Amino acid sequence: MTIALVVRKSLRQHALSTAITAISIGLAGALLMAIWVVKSQAHDTFTRVDGGFDGVLGARSSKLQLVLNAVFHLEASPANIEWKDYLTITNHPGVELGVPIAMGDNYRGFRVVGTLPEMFTRTEYDPGKRYRVRVPGRLFDPTLREAVVGSYVAQKLNLQRGDHFHPYHGLNFDEEHEHEEEYVVVGILEPSNTPADRVLWISLEGVQKMSGHAAESATQISAVLVKLRNPIAGQTLDMQYNRKENRLTFAWPIGTVMAELLGKIGWFDRLLAVVAYLVAVVAAAGILASIYNSMNERRRQIAVLRALGARRVFIFMSIILESVAIACIGILIAFVIYAGLTSVATVVMRAQTGVVIDPSAFHPVMIWAPLGLIGLAALAGTVPAIKAYWVDVAEHLLPSH
Amino acid sequence: MLLEISQLTKSFLNPEGVRHRIIDVPAFALAEKAQVALAGESGSGKTTLLHLIAGILKPDSGSIKLAGREMANLSESERDHVRAENIGYIFQTFNLLPGYSCLDNVMLGMSFGPGADRDFAERLLKRVGLGDRLRHNPRQLSTGQQQRVAVARALANRPRLVLADEPTGNLDSKNAREALKLIREACAENGAALLLVSHDRDALAGFETTVQIATINRATAAEGVSA
């Protein structure tokens, strides 16, 4: 194909501008894909991750704070609730399972959460998936100072079965606030790609009666994770706790609460998208400028090709194809940059929330962004292509040119 | 006849905006496989005449019949096609494409006409003595060698007519003689007619038929331009 030869040679002759414009296209493509995929996956993941529970009962506060604190282990706990509140909700006929959790301590920045063994024995964090302890290892004995450590914590702190640690008071790590109790790691959880991976799990009583905690905390918990028998029970509890009373808050359904959060920060996604679109337009303009600026040196070459019998359409198409070729090279670069960007995003998200996204999963943006960029590049190429189309052959064949 | 010209005129606007006639050729003809030299000084309309014959320019009036087709009546695209199929062009400054190897340059000469024929392109380059320079960039060659690549390219589409525009203008006398000899031999071997224009009397010396452009172009003859 003569046109392929002409395009290839031109790309090589203008290698530097080709590389720069291809990289700018690559950046635009990578940004577009990364923004859409991370946004989409984060939305899917954060609205899906509920630890296998439908709702959270906690002290009066916003539903979002409750969910972030009890499910994602991110926010501060609003306040404690009484043990009898746990008993009340678990005895509700619409509640299948209630698991109390108590928080307030950390180990080197990772939360120490007190709970009952039912958290692991009766909960499916995803349909059909239970938390599993690596072999050899076992769940903590609620009567002893034993801990089961989330996989991410174990990896980051290099904790192994048999290791001992002292929890620190508060949710933020402060070396001066070390508790005197010593816990032994009896098990490491298999990775679940949920916030549980970022937690050191001990018995509920362990947190309640930790030295230095207020005496009343011995009968208090931070929240109750609730699994319902049916959605109607959720509406009943919502009515009971959120509308008829004002002492407690029942955050339900968890996915909807998170969706509301993501909806509130949707403007940021849109802002990023606008930036990515602008980068794409600038990159396409870069193609236009680089080819257009090289037209002076190209005119003689175009005239020679025309003298050899090339039609105007051939010249026009060769410029368009050159633009498209630059975009295609850029798209290859885009996927490389995309892989890097999303790898970083995945690591950061896992470190911050325990939730893991899968950037390799297909998303329609992986089709429409490259096609859009190719289209944009072709459009940008039309300006220099029109200029090339009208090159005066006779004039540019003269020796003086 | 391969080429028949009658009542051909072409004019351009000069920088002052006045239309200036460059070509006014009542009649000119070239037989198949003939080799004719067209002599004339700079500005006598030689290059413009070649551009008209090649279909690069469209005449104001008159007729150019090339290989039985009336060029003046053809669309630009059709003239491109006739040129690609029937005409080989040799330029004073060679006009080889930089970044393309010698072989690529020659293959380009056939790509828009009969289609790429690598074997034939290699044979042509061997014929002009550059069989060992197929992959070389023209910039790596001497001017004489570059002109030889240009000769091979002009013959690549198996043309019926080769137009050579001051082909020795950039060569020293030794290279000029050799280039001219090569052009004439190669055209003869490939059955192509040759119309060569030059202002160099030495270059024209070997031609049996040399036409002074002033004798066929009334436009420049009237201005006193003569060979």
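User: In which strand of chain B is the place of B:Gln7?

Analyst: This is a predicted model. B:Gln7 is not a glycine, although its phi is positive, about 50°. The residue has its place within residues 3-13 of chain B. That strand is β1.

User: Is B:Gln7 buried, partly exposed or exposed?

Analyst: The relative accessible area of B:Gln7 is 47%. Buried means under 20% and exposed means over 50%, with partly exposed in between. So B:Gln7 is partly exposed.

User: Is A:Asn158 buried or exposed?

Analyst: A:Asn158 has a positive phi as well, near 55°, and is a residue other than glycine. It lies in the loop between α6 (151-157) and β8 (164-165) of chain A. Its relative accessible area is 55%. The cut-off for exposed is over 50%, so A:Asn158 is exposed.

User: Which residue does a cis peptide bond join to A:Val135?

Analyst: Look at the loop between β6 (129-130) and β7 (146-149) of chain A, where a proline is found. Omega of the bond is about 0°. The partner of A:Val135 is A:Pro136.

User: What is omega for the peptide bond from A:Trp252 to A:Pro253?

Analyst: A:Pro253 is found in the loop between β14 (248-251) and α9 (254-264) of chain A. The bond from A:Trp252 to A:Pro253 is cis. Its omega is near -15°.

User: How far does helix α6 of chain B reach from its first C-alpha to its last?

Analyst: The helix covers residues 173-189, which makes 17 residues. At 1.5 Å a residue, 24 Å is expected. The model comes close to that, with a reach of 24 Å.

User: Which residue with a positive phi follows α6(B)?

Analyst: Start inside the helix. Its buried residues include B:Leu180, B:Ile183 and B:Cys187. After the helix comes a residue with phi near 70°. That residue is B:Gly191.

User: What radius of gyration does chain B have, next to that of a compact globule?

Analyst: Chain B has nine helices and nine strands. Its C-alpha atoms fill a box of roughly 50 × 35 × 35 Å along the principal axes. With 227 residues, a compact globule would have a radius near 17 Å. Chain B agrees, with 17 Å.

User: How far apart are the mean positions of the positive and negative charges of chain B?

Analyst: Chain B has 27 positive and 26 negative charges. Each set has its own mean position. The two means are apart by 3 Å.

Terms used:
Residues are numbered from 1 along each chain as its sequence is written. Chains are lettered from A and ligands numbered from 1 in the order in which they are written. This is a predicted model: local features need pLDDT of at least 70, side-chain atom pairs count only at pLDDT 80 or more; totals for chains, interfaces and linings use all residues. Side-chain values use heavy atoms; hydrogens and water are left out. Helices (H or I, at least four residues) and strands (E, at least two) are DSSP runs, numbered from the N terminus. The radius of gyration is taken over C-alpha atoms; the globule rule is 2.2 Å times the number of residues to the power 0.38. Lys and Arg count as positive and Asp and Glu as negative; His and the chain ends are not counted. The place of a charge is taken as NZ of Lys, CZ of Arg, CG of Asp or CD of Glu. The expected span of a helix is 1.5 Å times one less than its number of residues. Buried means under 20% relative accessible area, exposed over 50%, partly exposed in between (1.4 Å probe, protein chains only).
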